[in-house]
Amino acid sequence: MKIKSIRDVKISKKLMILGAVSILGLFLMGKESIATARQIDQVGAELNDVWMNAVIAAEELNTVTSDYRITESRHAITTDLELMGALEQDMLELEQDIESRFQEYKQLPTLEADQMIMDRAYQAWQQYLECSKELVEISKGNDREKATEMMMGEAQQRFDETSSLFLEAVDYNKDTAMQARDDAGRLYDRLSRVKLVVIGAVSLIVISLILSLIRSIKEPSEKLADAAWRAGNGNLDTFLEYESEDEIGALTRAMNEMLARLRDIIRDETRMFQEIGSRNYEVKSECEQAYRGDFAPVLYAFASLQ
């Protein structure tokens, strides 16, 4: 199958291709922009709804467990039975609150690695609670020395382990949030690059088509104008070269055919006048087919002269 050159494409089709390419390029760029912007928006939503919420939840757990630890310490050093009872009630409420926060954290759509960190923190907290309950019983028995020793020893170790796991979860979620920001940045850079590539490609195609249109119109138009001017001044020995199938090519072929017909008519008339001058009154035209339309009366007039 023979593929047409761009020169052979009709000017109207060239303009249609130009418009189609421009629209297609803008459509593709818009589609990619919308898709990438949606991905960026999704990353931003995940960043706000998941990771930052997880950071806040882990920090709040660390704060509430610290409150529990402070209350426990007060219980270990006080000798006031009434205050001990109030502190035990506060510790019970804090324990329930912490348990609720652990369960809420498990419902967050975080990564498996984060949930594993929090599971370890929960196990460490349960071990700490066992130690804390033992500490409370010792404190209620007014054994301040043993209570203080336990509070500064095993209980402190269990609490530090739990707290460090909370902080590990906070750091992990912050790092994940930073990664999400980086992903959003990369998506935005990708969007920018795609825009530049599409704009560059569309611009290159449009510029090529425009230059092709200019060449296909400007040069042959100037040649046509020059040929018409020379023909108007009696110079019919002109042939225009323009090999294409567009509208300018059709106009060029029509001009060449018109000039050829005029040359044939003038040569034919010159020959017939010379024959008449030689008293050959039976001379006939050799190109009667050229005398069409408004040229036909010329041949009729010559026949009348004969």
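Which residues make a nonpolar surface patch of about 330 Å²? The answer is in the fifth of the views below, all taken from a predicted model.

**View 1. The overall fold is built from helices, with zero strands.** The secondary structure of this predicted model comes to seven helices. Read from the N terminus, the elements run α-α-α-α-α-α-α. The protein has 306 residues, and 36% of them count as buried. Eight salt bridges are found in a search of the whole structure; some of them appear in the next views.

**View 2. Arg69 and Glu72 form a salt bridge within helix 1 (residues 11-77).** The closest N and O atoms of the pair are 2.8 Å apart. Arg69 and Glu72 are three residues apart in helix 1, about one turn of the helix. An α-helix has 3.6 residues a turn, so residues three or four places apart point the same way. Arg69 has a relative accessibility of 7% and therefore counts as buried, the cut-off being under 20%. Glu72 also counts as buried, because its relative accessibility is 1%.

**View 3. Asp97 and Arg101 of helix 2 take part in a salt-bridge network.** The side chains of Arg101 and Asp97 meet at 3.3 Å, N to O. Both residues lie in helix 2, four residues apart, which is about one turn of the helix. Glu60 is linked with Asp97 and Arg101 in the network. Arg101 is partly exposed, with a relative accessible area of 25%. Asp97 is partly exposed as well, at 29%.

**View 4. A salt bridge joins Arg120 and Glu168.** The side chains meet at 3.9 Å, N to O. This pair links distant parts of the chain, with Arg120 in helix 3 and Glu168 in helix 5, 48 residues apart. Arg120 counts as partly exposed because its relative accessibility is 44%. Glu168 is partly exposed too, with a relative accessible area of 33%.

**View 5. Ile207, Ile210, Leu211 and Ile214 make a nonpolar surface patch.** The area of the patch is about 330 Å². One of its residues, Ile214, lies in helix 5 (residues 154-232). At 44% relative accessibility, Ile214 counts as partly exposed, so Ile214 passes the requirement of over 30% for residues of a patch.

**View 6. Helix 4 (residues 144-152) has a buried face.** The buried residues of helix 4 are Arg144, Ala147, Met150 and Met151. Seen down the helix axis, these residues fall within an arc of 135°, so they line one face of helix 4. Glu145, Glu149 and Met152 are exposed on the other side of helix 4.

**View 7. The largest pocket holds about 180 Å³ of space.** Its lining consists of Tyr68, Glu88, Met91, Leu92, Glu95, Ser132, Lys133, Val136, Glu137 and Lys140. Helix 2 (81-106) and helix 3 (112-140) are the elements that give two or more residues to this lining. Helix 3 gives the most, with five residues.

Terms used:
Residues are numbered from 1 along each chain as its sequence is written. This is a predicted model: local features need pLDDT of at least 70, side-chain atom pairs count only at pLDDT 80 or more; totals for chains, interfaces and linings use all residues. Side-chain values use heavy atoms; hydrogens and water are left out. Patches are made of residues with over 30% relative accessible area and no salt bridge: like charges are joined within 9 Å, nonpolar side chains (Val, Leu, Ile, Met, Phe, Trp, Tyr) within 5 Å. Accessible areas come from the Shrake-Rupley method with a 1.4 Å probe; for residues, only the protein chains shown count as cover. A salt bridge is a side-chain nitrogen of Lys or Arg within 4 Å of a carboxyl oxygen of Asp or Glu. Buried means under 20% relative accessible area, exposed over 50%, partly exposed in between (1.4 Å probe, protein chains only). The arc is that of the directions from the helix axis to the C-beta atoms. On a 1 Å grid over the protein atoms alone, a cavity is a set of points where a 1.4 Å probe fits but cannot get out, and a pocket is an open set with protein on both sides within 12 Å along at least five of seven lines; lining residues have an atom within 4 Å of a point. Grid points are joined across faces, edges and corners, and a volume is the space filled by probe spheres set on the points.
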